[in-house]
Amino acid sequence: MNQNPVEIQDLSKTFISVRRRAIVIPVEKTRVEALRSITMDIPKGQIHGLLGPNGAGKTTLIKCLATLVLPSSGTARVNGYDVLKESTYARASMGVCQGNERSIYWKLSARENLIFFAKLYRMSHDEAKERADELLGRMGLLDKADEKTENLSHGMRMKIVFARALLHDPPILLLDEPTQGLDPTFAADLRKFIKEQLRDRTILLTTHYMHEADMLSDKIALIDEGELKSFGTPKELKEEVRDYDSLHMKLVGTPDIETIKGMEMVMSASYSTRNGHSELVVTAQDGYELAYQLLTLMHKTPGVKVEHFEVKEPTLDDVFMKLTGRRIED
Amino acid sequence: MEHEETESFRRMWARAGFRAEAKAAWAIAINIWKIELSYPLSVLWFIVMPFLWFIPMLITGSAVAGGTESAVLNDLVGTRDWVTYIAIGTSIIGLTISIMWGTGFSLRREQNSGTLETLMSTPIGRSTLVWGSMLHNLSHGGLGVILQLGAAIIFFGVTINAWGIFPALGIIALAVIGLQGVAFAVTCIVLLAKQGWMIVEFISSGLLLVAPMSYPLSVLPPILQYVGMASPLTWSVEGFRGFLMNGLAYQGVVQAVLTLVILDMIFFAFGALMFRYTERYVRAKGALEQF
Amino acid sequence: MLTEDATPEAERIKTPYLATFKPRLMDWSAAKVFALKNLRIAIRYPTNFLIWGILPLLWYAPYILMMIAIAGPGTSQSFTELSGFDDFITFSIIAVFVYQYVDKSIWSVGNNFRWEQFSGTLEPLFVTPVPRISILVGAAFSDTLQCTFSATVLLVISSVLFGVSYAITMVAPIVVMLTMMVFALYGFSFMIAGLILVFKDPSVLTELISNITYVLSPITYPLQALPSAARFAAVLVPSTIAIITIRELAITGLFQPLSFLQAFASMLGLVIGFWVLGVLAFRWGEKWTKEKGSMGGF
């Protein structure tokens with residue numbers, strides 16, 4: 001018998017949309033498999049990161065666990081409670097940090113927002129106030145407690161959203177991209193908080209920031225197009241690409257990516273354009289031999305100039321690229 | 001200073017002018033139609049709405065009149081046929097609301113969707129955004145007028161004078177100019193005030209109250225009669241109904257048209273100026289995307 | 001009240017909160033908390049209360065003016081024969097007052113979840129273990145209070161403007177009938193809330209329901225003015241019986257126990273019927289949005 005606080009077994013979710021002509025005539029049915037047979041357990045007291053690009057299915061998984069979306073098949077249990085059959089118990093057992101700064105009431109102050117939600121968890125007014133003040137203090141927002149949320153900064157509002165998830169001291173936390181859109185200072189604050197003050201909780205954290213997943217997670221699951229591609233500790237995952245070198249090149253101009261992919265020693269290749277420069281990332285067994293061949297190729301390609309290159313230690317992005325053929329940020 | 005210019009930039013620059021603005025306004029109108037038609041309920045509402053607005057008036061009128069004729073109305077305006085009187089007068093409600101609310105809130109809707117700043121950063125004129133919305137609402141409201149009048153004629157025994165149709169359309173064209181002035185003013189209120197919709201509701205409901213759509217002006221208290229006479233909507237309704245009930249023999253045509261033209265010029269000029277200054281003020285405040 | 005039976009399987013983590021937690025079918029304290037939250041937010045828009053007392057007047061005045069234009073000021077033989085009342089202005093204004101509750105239940109209560117959805121706060125609410133019905137009831141409480149205030153303002157202003165008066169001695173039975181109507185309207189608005197969660201263009205749906213309800217309601221005309229099929233449908237609208245009864249009491253000042261009891265029994269039937277329908281419709285709407293995954297979208 002499985003006794004993990006979070007247990008997911010073959011969880012799938014398919015969204016069906018129907019395109020119609022003249023309002024009533026269905027002409028095309030689109031099926032989007034947002035989750036495909038996800039199986040995952042999170043042991044007590046661990047932080048598991050769910051890393052993947054936008055549209056991979058991270059938020060859909062969180063919403064299924066949070067009982068906001070009905071899965072198409074499979075089961076999920078939170079604190080031993082089935083999220084479909086025992087949904088109220090499941091919701092009582094978890095705190096969810098999901099949604100952006102608009103998920104709080106802007107016409108209420110930070111304290112009023114937290115007291116309101118605390119009361120929905122059956123706290124008395126005094127208990128709710130005490131708890132709200134405690135959390136606001138831990139978030140460094142006590143001096144702003146009575147200001148209307150509409151007058152606070154984006155980062156402060158996100159801290160309130162985060163604090164809300166902790167109101168009833170839940171043993172399990174679902175954190176859906178909690179640092180998205182935050183400036184580096186606020187984001188670092190939140191990560192530090194999660195790492196240091198929530199070590200005793202069981203946490204599922206979704207993110208598309210590799211360094212965040214790397215820094216916070218005991219184990220990481222890589223997800224793409226609704227499927228779990230790989231699962232393990234950050235170290236284990238990087239070991240999967242240990243045999244490969246990753247060459248990063250900054251170029252001016254556009255390289256012929258198909259030719260590069262066709263080179264015999266190349267395992268995978270991708271490029272993206274940022275600020276007028278191309279960044280080419282190529283993996284191969286021998287990074288240095290690859291560098292020689294690529295530099296020769298770039299030299300011969302008109303309009304392309306190599307500004308910088310380096311052979312790097314494998315990152316989670318390399319793992320992702322090996323598994324899917326593209327980078328997380330693509 | 002030399003500017004780097006691509007071919008597409010040069011082409012875009014060369015096309016500046018009224019034609020480009022008109023095309024842009026048309027593209028906006030089509031875009032709004034596409035969005036509206038993607039909601040099946042909106043289409044249903046559009047078809048059913050004229051009936052739902054007219055039927056309570058019809059039932060109320062029947063309850064008090066006991067039939068299709070009214071001696072009291074005859075004393076007031078010279079016609080016994082209250083059904084036709086009200087059907088024609090109230091058919092303009094849809095057009096009025098469409099233009100005031102639809103156009104007035106067009107920028108607010110873009111604001112709420114988060115697309116306003118993007119639109120404002122294109123090279124089209126700022127007022128073109130409002131004109132584009134107006135084109136949509138004019139077609140939307142115009143179809144509503146036709147639908148309601150058509151339904152009234154087919155189902156409720158309303159009769160109109162066929163000779164009056166074209167001149168009545170001319171009155172509508174004049175009405176739109178005045179209403180567009182109001183729509184510009186409404187847009188300003190909406191951009192400035194977060195609860196602007198309440199002010200707009202007051203203004204539009206007030207204008208509709210003093211317009212002789214389902215009753216003549218003389219039924220209103222004297223002070224409201226003066227307010228009514230200063231509204232382009234009043235003369236639009238009078239002219240529209242006058243032509244459709246009396247055809248070319250409509251006797252109030254000169255007064256209605258002249259007054260309407262003057263009021264149109266005043267309302268349009270005022271509305272356009274107000275919009276110009278408000279839009280600049282909002283941009284100066286950096287408040288375009290706030291909601 | 002307990003709902004789900006927890007499966008006593010795996011070792012579960014117990015916190016002080018979880019140790020005493022039991023799901024409930026209806027959480028009255030959560031409803032109260034939600035109502036207070038809504039009222040707190042409403043109070044931060046103080047002009048709302050006054051405006052909602054005056055705006056409806058601008059909407060109903062055209063009907064009254066139309067009646068005056070067709071039949072002359074205040075009275076009409078045809079109207080008297082049809083309705084039994086000889087003053088259509090007095091007749092209409094009291095009905096307008098009662099109808100405010102219907103309007104509020106459609107536009108405010110029915111749209112409450114939509115407003116939460118639009119604001120981005122619906123999913124955080126649904127993630128709590130509070131029964132959804134409690135949130136709906138809380139929203140309804142808050143809106144009833146606000147409506148009572150603004151409807152009273154409307155009644156007073158209209159009465160002064162049009163020079164009408166009503167029998168104050170009948171306040172008690174009027175309040176009883178109003179309360180029954182409000183309860184029935186709660187169920188009605190739960191039904192609308194469920195439909196609105198499903199349909200993406202709620203303003204149109206709400207307009208449709210609002211206008212159909214208005215047409216069927218005997219506000220500016222008696223029930224007898226409607227075609228017979230429509231009369232049957234009209235009686236199913238929660239406010240129709242209430243409008244007829246309250247109007248009779250307020251204008252005539254006469255209390256007839258038998259007919260009042262009949263009206264009360266009919267209202268009770270409507271309360272039960274609409275609550276069942278409303279809760280079912282809401283649950284269906286909620287399930288639909290969960291399946292589609294569109295809970296947080298608008």
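Mentor: Let's start with a yardstick: two residues are in contact if their C-beta atoms, placed from the backbone, lie within 7 Å. By that rule, the contact between chains C and A takes 35 residues from chain C and 39 residues from chain A. This is a predicted model, in which local features need pLDDT of at least 70, side-chain atom pairs count only at pLDDT 80 or more, and totals for chains, interfaces and linings use all residues. Residues are numbered from 1 along each chain as its sequence is written, while chains are lettered from A and ligands numbered from 1 in the order in which they are written.

Trainee: Which elements of chain C supply the side that touches chain A?

Mentor: Helices H1 (16-20), H2 (28-43), H6 (122-127) and H12 (257-292) of chain C each supply at least two residues. Helices here are DSSP runs of H or I with at least four residues, strands are runs of E with at least two, and both are numbered from the N terminus. H2(C) has the largest share of that side, five residues.

Trainee: What makes up that side of chain C by class?

Mentor: The side touching chain A has 16 nonpolar, nine polar and ten charged residues. Nonpolar means Ala, Val, Leu, Ile, Met, Phe, Trp, Tyr, Cys or Pro; charged means Asp, Glu, Lys or Arg; the others, Gly among them, count as polar.

Trainee: And how many residues of chain C are in contact with chain B?

Mentor: There, 37 residues of chain C meet 36 residues of chain B. Helices H3 (47-71), H4 (77-83) and H9 (202-216) of chain C are the elements giving two or more residues, and H3(C) gives the most, 14. By class, this side of chain C has 29 nonpolar, five polar and three charged residues.

Trainee: Why is A:Leu290 called buried?

Mentor: Set the value against the cut-offs: a residue is buried with 20 or more other C-beta atoms within 10 Å of its own, exposed with 12 or fewer, and partly exposed in between. A:Leu290 has 23 such atoms, so it is buried. The residue lies in helix H10 (residues 287-300) of chain A. Setting aside neighbours within four places in sequence, A:Leu290 is in contact with A:Asp245, A:Leu247, A:Met265, A:Val282 and A:Ala284.

Trainee: What makes a nonpolar core, and how many residues has the largest one?

Mentor: A core is a set of buried Ala, Val, Leu, Ile, Met, Phe, Trp, Tyr and Cys residues joined through C-beta atoms within 7 Å. The largest has 240 residues, and A:Leu114, C:Met181, C:Ala184, C:Ile246 and C:Met267 have the most contacts inside it. Its largest share, 17 residues, comes from helix H8 (residues 171-198) of chain C. Apart from it lies another core of eleven residues, including A:Leu290 and A:Ala284.

Trainee: How do you know that the buried residues of H6(A) line one face?

Mentor: They are A:Leu190, A:Arg191 and A:Ile194. Seen down the axis, they fall within an arc of 95°, so they line one face of H6(A); the arc is that of the directions from the helix axis to the C-beta atoms. An α-helix has 3.6 residues a turn, so residues three or four places apart point the same way. These buried residues pack against helices H5 (154-164) and H7 (210-216) of chain A. On the other side of H6(A), A:Thr185, A:Lys192, A:Glu196 and A:Gln197 are exposed.

Trainee: How do you know that the span of helix H10 of chain B agrees with what is expected?

Mentor: The expected span is 1.5 Å times one less than the number of residues. For the 15 residues of H10(B), residues 196-210, that gives 21 Å, and the end C-alpha atoms are 21 Å apart, so the two agree. Buried in H10(B) are B:Val200, B:Ser204, B:Leu207, B:Leu208 and B:Val210. Chain B as a whole has 13 helices and zero strands, and buried residues make up 42% of its 291 residues.

Trainee: Where is confidence lowest in chain A, and where is it highest?

Mentor: We use pLDDT, the predictor's confidence in each residue, from 0 to 100. Helix H11 (residues 316-324) of chain A has the lowest mean, 77, and strand E4 (residues 73-78) of chain A the highest, 95. Chain A averages 87, with 96% of its residues at 70 or more. Chain C averages 86, with 93% at 70 or more. The model scores ipTM 0.86 and pTM 0.77.
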